[in-house]
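This report describes how the strands and helices of one chain are arranged. It takes the sheets before the helices and ends with individual residues.

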Amino acid sequence: MKKQAIIMLLFLSGFYTLSAQIKADAIDSSFKLIGNPEVQALKSVSDVSINNIIKSTSWKAYDSTFTVSKDTAVWMSFKLKNTTQEILSTYLFYDGHYIDIYLEKEDEYKHYKNGYFRPLNQRPEPKSYFFTELKLSPLQQSQCYIKLSTDYKSTRFTAPILYSKIGHLVFTDNVQKNHGPPIAFMYVYLISLCCIALFVLVFCFRLQKRIYVYYFGYLFFQIVYAFVVLQATPATIANLASYFPYFSSLISETAQFTFIGFYILFIQHLLTVKMFDLKLAKTLTIFAIICFSYAILWFGFNLVWVDLDVRRIVSIIIRVIVLPLNLFLFFWIIYKVKHPLLKYFVVGQSLFFVGSVLSSIVFYSGLHQVPNGIFSFPHSQNVIFMAGLLGEVLCFSIALGESMFLVQKDKEKTSQKLIEQLQQNQIMETKMRKELDKQINQKTEELVQVYSKIEKQKEEQLNKSFNERLRNMKMLALRSQMNPHFIFNSLNALKNLVMQSREEDAISYLDNFSLLLRNILQNSSKNSITVEEELEILELYLSLEKRRLGNNFSYVIQCDSREILSQYNIPPLLLQPFVENAIWHGLYPSNKPEKNLSLVFDTSKQLQIIIEDNGIGRKESSKTKKTHQSAGTNITKERLTLYNHVSHTQMQLSILDLEDNGKPSGTRITITYND
């Protein structure tokens with residue numbers, strides 16, 4: 001009996017194994033591994049061997065919960081079958097850092113290595129780090145194990161996908177078409193820099209001046225940066241950084257700020273800044289040292305502490321600091337330095353600044369990911385940055401050549417020009433004095449009258465501008481007080497759930513709270529949002545309070561048309577404080593068995609918003625002791641008053657205490673929107 005049970009168990013397990021397979025020849029174009037019952041997955045330490053994985057029995061269905069980190073690898077297991085009479089190739093796509101594929105062939109496993117951080121000589125196909133070709137013999141069924149790993153603390157990459165041969169060809173063809181123009185521009189950029197750098201290197205050895213050393217350093221690290229960018233493309237020629245992919249990813253930021261440091265020193269010598277302003281010259285030197293120091297610290301920090309989120313935040317902060325400082329120094333140089341080559345500096349620096357700012361905006365705002373957008377081409381942020389750099393290099397190369405011409409010309413004519421200039425200066429000074437005396441006497445009275453009129457006009461404009469800015473700044477200050485006020489109350493609610501041992505409610509509350517907080521932070525920088533957006537925040541907030549107060553609390557939202565609500569604008573987070581006060585100070589302390597809150601958005605005529613509760617009322621609420629003084633309503637009233645001052649529309653606020661037979665029965669708040 002036991003033998004029969006064992007045989008039946010083996011038969012059923014074998015049937016399950018055969019059913020959990022992927023027919024490679026049945027893949028039309030692509031086949032996603034995530035979420036498919038044929039694919040099993042497990043997490044393990046990063047250095048576990050394939051033999052231990054084969055013996056493991058803790059496999060689960062592969063879904064989005066399986067993520068890769070520095071200490072944790074993700075393994076996948078599935079069977080591939082070729083039901084045809086021919087050798088079949090299928091292609092595994094993965095754009096992560098490391099992928100190891102073990103494909104069963106004749107009672108052993110063939111090991112394939114690939115990934116973004118795999119050196120070029122370790123990849124099965126040097127032209128592509130994200131595709132791995134898997135060949136299956138006729139009528140072959142092979143067990144396949146896949147290991148995903150990374151050197152970073154956490155990563156976010158797409159799940160592996162199986163492609164047919166046709167799907168692979170279409171995909172790679174589209175990649176080559178899309179990447180062709182950006183790669184061509186990068187080659188033009190790289191070749192141009194190499195040619196200019198070669199000439200500058202010759203001048204370095206021939207003339208032995210520091211200005212050429214600085215300019216060569218500026219060009220050299222731009223070339224390094226170009227090779228690093230080229231490594232992330234499918235380019236095959238001059239893709240030297242692909243032999244050291246992980247190291248290349250660390251030196252991109254270092255190369256950029258190193259050539260910025262050399263650029264600052266080059267400009268200081270090209271325009272002879274010391275002759276015009278010593279303080280400006282010292283500031284530029286300090287700025288260059290800061291750039292070099294940051295480049296070294298960045299490389300060392302990322303060599304030890306590989307965290308993509310920290311790297312991104314630091315990069316944004318540094319650019320927020322450096323770009324305005326760069327702009328400030330740009331205008332300072334224009335104001336102080338009067339050099340013949342200043343025009344080249346102005347044009348070149350303008351191109352660089354426009355390229356840097358536009359590149360940062362495109363990358364950090366996600367414009368390069370907008371479908372069919374003007375910047376939605378591969379490596380758009382790098383191409384924009386390189387275009388600005390190339391324009392700057394060409395301007396400075398011309399300036400460097402003209403500076404040599406000017407130096408040579410000055411040597412030949414210095415003595416003669418000095419004598420002639422002194423004589424002309426004396427004659428011109430005498431004439432100018434006489435003419436100026438006449439003009440001053442004639443124009444003095446006219447200038448006094450004109451000046452008085454101008455001063456009056458300026459005074460009126462300044463007063464008007466000052467009052468307008470004062471109101472705007474006051475609105476901004478009041479709005480900034482709302483976020484800490486709301487966060488404090490929400491965290492108190494979360495604390496109550498934890499103290500009541502309602503762990504699941506606390507986790508769910510925390511998830512919804514994070515989503516609510518993200519929406520509030522997104523809207524906090526805006527002067528106004530639509531009523532529909534405010535309603536979405538209120539719905540999320542009320543769902544949180546519903547979890548906290550339980551079933552005896554209920555709320556109703558009445559809205560005729562959300563589309564109409566999108567046509568009205570209000571200050572962000574205007575309605576939430578009224579709802580919050582109704583819950584915390586009206587309904588929460590109430591002993592009524594049913595605590596009701598209603599929100600009505602009446603759009604029949606003009607927009608009218610009514611917030612009504614059946615709480616204890618304002619008079620009774622003011623008698624209770626509170627752990628903190630509620631300022632949300634007062635702040636919102638003042639915000640509403642200021643908004644009416646600066647807006648074309650007007651909103652009227654009224655608060656009514658409801659009574660039932662002389663007893664408080666709640667509060668009604670009405671906001672009327674008037675164009």
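## Strands, helices and selected residues

Strand β3 (residues 40-45) is paired with strand β4 (residues 60-61) through two bridges, in the antiparallel sense. As the coordinates belong to a predicted model, this pairing and the features below are to be read as properties of that model. Within the pairing of β3 and β4, Gln 40 lies opposite Ala 61 of β4. Strand β3 also pairs with strand β5 (residues 72-81), again in the antiparallel sense and over six bridges. In that pairing the bridge partner of Gln 40 is Ser 77 of β5, whereas in β4 the residue opposite Gln 40 is Ala 61.

An open sheet is formed by four strands, which follow one another in the order β2-β11-β6-β9 with antiparallel pairing. Its edges are β2 (30-32) and β9 (131-136), each of which pairs on one side only. On average, and with direction ignored, neighbouring strands of this sheet are turned by 25° against each other. At the β2 edge, three bridges join β2 to strand β11 (residues 161-163), and the two strands run antiparallel. Here Phe 31 stands opposite Leu 162 of β11.

Another open sheet has five strands in the order β13-β15-β16-β18-β17, and its pairing is mixed. The edge positions are held by β13 (553-559) and β17 (650-660), each pairing on one side only. Neighbouring strands in this sheet are turned by 10° against each other on average, direction ignored. Helix α13 (residues 576-587) packs on the sheet and touches β13, β15, β16 (608-613), β17 and β18 (663-674), while its direction makes about 160° with that of β15. The edge strand β13 is joined by seven bridges to strand β15 (residues 595-602), and these two strands run parallel. Within that pairing, Cys 559 has Phe 601 of β15 as its bridge partner.

### Helix packing

Which helices pack against α4, and at what angles? One is helix α3 (residues 165-207), which packs with α4 at an angle of about 155°, the axes being 9 Å apart. That angle makes α3 roughly antiparallel to α4, and the crossing of the two helices is left-handed. The contact of α3 with α4 is made up of 23 nonpolar residues, one polar residue and no charged residues.

Helix α4 (residues 210-231) also meets helix α5 (residues 245-270), where the axes come within 7 Å and cross at roughly 155°. Helices α4 and α5 are therefore roughly antiparallel to each other, and their crossing is left-handed. By class, the contact of α4 with α5 comprises 17 nonpolar, eight polar and one charged residues.

Helix α5 in turn packs with helix α6 (residues 278-304), their axes coming within 9 Å and crossing at roughly 170°. At this crossing angle α5 and α6 are therefore roughly antiparallel to each other. The residues of the contact of α5 with α6 divide into 20 nonpolar, six polar and one charged.

The table sets out the residue classes at these contacts.

| Contact | Nonpolar | Polar | Charged |
|---|---|---|---|
| α3 with α4 | 23 residues | one residue | no residues |
| α4 with α5 | 17 residues | eight residues | one residue |
| α5 with α6 | 20 residues | six residues | one residue |

### Aromatic pairs and backbone angles

How many aromatic pairs does a search of the whole structure find? The search gives 40 such pairs. In the pair of Tyr 225 and Phe 385, the ring centres are 5.6 Å apart and the planes stand at 80°, so the pair is edge-to-face. This pair links distant parts of the chain, with Tyr 225 in helix α4 and Phe 385 in helix α9 (residues 380-499), 160 residues apart.

Most residues other than glycine have a negative phi. Against that background, Leu 139 has a phi near 55°, which is a positive value in a residue other than glycine. Leu 139 is placed in the loop between β9 and β10 (141-149). Thr 272, likewise not a glycine, has a positive phi of about 45°, and its place is in the loop between α5 and α6.

Conventions. Residues numbered from 1 in each chain as written. Predicted model: local features only at pLDDT ≥ 70, side-chain atom pairs only at ≥ 80, totals over all residues. Heavy atoms only, no water. Axes fitted to C-alpha atoms, helices over the stretch in contact; angles between N-to-C directions. Parallel < 35°, antiparallel > 145°, perpendicular 65-115°, else oblique. Left-handed = near helix turned anticlockwise from the far one by under 90°. Nonpolar A, V, L, I, M, F, W, Y, C, P; charged D, E, K, R; others polar. Pairing = 2+ DSSP bridges. Contact = heavy atoms within 4.5 Å. Phe/Tyr/Trp six-rings, centres within 6.5 Å; stacked < 30°, edge-to-face > 60°.
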